[in-house]
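User: Please take a close look at the paired charged side chains in this model, asking how far each partner is open to the surroundings, and then carry the reading on to the neighbouring topics of helix faces and cysteines. I would like one connected account rather than a list.

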Amino acid sequence: MEIKLLRSFVQLIDTGHYGKASAKLFVTQSTLTKQIQALEAAMGGALFERGRHGAKLTPLGELLQREARPLLRLNDDVDRKMHRAITGLTGYLDIGFGISTLVAAPQLIASFRAVTPDCSITLNDLSSRDQHQRLLDGRLDIGFCRAPEEDSGLAFMPVLEEHLALVLPSGVTMPAQGWLTELNELGFVALSPSRGPGLDDQIKRWCSLVGFEPRIVQYADDILTVHAIVSAGLGAAFLPWRGVQALAGSSHKQSLSGPESRWPVGICWHRRHTSPLSARFVDHVSKNLEFDRAQAERQS
């Protein structure tokens, strides 16, 4: 059964006249007559009785009317939803984030939801490497993470700059950079390399440049646990500055300097497999960054 035929059927009911119905449908009266005849053939009987006062429903027509109107409303609703999905106004987004964007990611997502209220968003706490792989596999739409490899097939837009921090228990004195070896007596707590390979490589490169080799006394599977262990006084750690700022605990930190102490964190997405909603989210983040830069320039 064609939706077009049902629409003509309901329009004829509402007007009660073939001439008025055909005008509203922008078809000729003969075309409308053929449409109703085609619908009657499909239903197996007459739907209207034509008389001097127009078209009157038969019992079969009454029965079809009760089914046709809800079906047309459902069809219109599906059409609206599909149109909104095509234009990126509705749908589902799976978004990954890490400790460095614990503040920035929810803020950007909240502002996006404010202008795109019909979308549903799922947040996943994942390492940058896991986010990159899920994006490539199609199991993630957007990632807040480190930059991917250049030939990975993933696009990247920097959002913020992250940098290394030396984090110590509150009762331990912060040493001068040249005296980091003193902290090896206390020992270092580190994120398991398999859980955070990007951070692990960053720490190794920085330590190599300053000629320091930390004595790792304990590994943990997430940064929150690493920081909790440091706060308990059981070791020092190298952690992302912004990530530590977002965590509660009894510790103090010092920003580290040098060419390997900083790295960009931003949003990442698949270059070729991007939904309209994902594209709208990327555009939203880009416009927010442009607005923030313009605000900063006006204030400087």
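Analyst: Asp137 counts as partly exposed because its relative accessibility is 44%, a value that comes, like every other value here, from a predicted model. The side chain of Asp137 meets that of Arg139 in a salt bridge, with 3.2 Å from N to O, and Arg139 is likewise partly exposed, since its relative accessible area is 46%. With a cut-off of 4 Å between a side-chain nitrogen of Lys or Arg and a carboxyl oxygen of Asp or Glu, the model has seven salt bridges, and the pair of Asp137 and Arg139 is one of them.

A second pair is made by Arg262 and Glu161, whose closest N and O atoms are 3.1 Å apart. This salt bridge links distant parts of the chain, for Arg262 belongs to strand β11 (residues 262–270) and Glu161 to strand β6 (residues 154–169), with their positions 101 residues apart in the numbering. Arg262 has 39% relative accessibility and therefore counts as partly exposed, and Glu161, at 43%, falls in the partly exposed class too.

A third pair brings helices into the picture: Asp76 and Arg7 form a salt bridge at 3.1 Å, again from N to O. Here also distant parts of the chain are linked, Asp76 being in helix α4 and Arg7 in helix α1 (residues 3–15), 69 residues apart. Asp76 is partly exposed because its relative accessibility is 27%, and Arg7, with 31%, is also partly exposed.

Helix α4, which runs over residues 59–86, also holds Leu71. Together with Leu74, Val78 and Met82, Leu71 makes a nonpolar surface patch of about 350 Å². Leu71 has 38% relative accessibility and so counts as partly exposed, which puts this leucine above the 30% that a residue must exceed to belong to a patch.

Another helix, α5 (residues 104–115), can be read face by face. Helix α5 has 12 residues and reaches 17 Å from its first C-alpha to its last, close to the 16 Å expected at 1.5 Å a residue. Its buried residues are Ala104, Ala105, Leu108, Ile109 and Phe112. Viewed down the axis of α5, these buried residues fall within an arc of 125°, so they line one face of the helix. The general geometry is that an α-helix has 3.6 residues a turn, so residues three or four places apart point the same way. Gln107 and Ala114 are the exposed residues carried by the face of α5 that is turned away from the buried side.

The cysteines remain. A disulfide is a covalent bond between the sulfur atoms of two cysteines. With sulfur atoms required to lie within 2.5 Å of each other, the count of disulfides is zero. Cys119 takes part in none, as the nearest cysteine sulfur, that of Cys145, is 19 Å away; Cys119 is also buried, because its relative accessibility is 2%. Cys145 is likewise in no disulfide, its nearest cysteine sulfur being that of Cys268 at 4.4 Å, and Cys145 counts as buried because its relative accessibility is 2%.

How values were computed. Residues numbered from 1 in each chain as written. Predicted model: local features only at pLDDT ≥ 70, side-chain atom pairs only at ≥ 80, totals over all residues. Heavy atoms only, no water. Patch = residues over 30% accessible without salt bridge, like charges linked within 9 Å, V, L, I, M, F, W, Y side chains within 5 Å. Areas by Shrake-Rupley, 256 points an atom, 1.4 Å probe, with all protein chains shown as cover. Helix = DSSP H or I, 4+ residues; strand = E, 2+ residues; numbered from the N terminus. Buried < 20%, exposed > 50% of the residue type's maximum accessible area, 1.4 Å probe, protein only. Expected span 1.5 Å × (residues − 1). Arc of directions from axis to C-beta.
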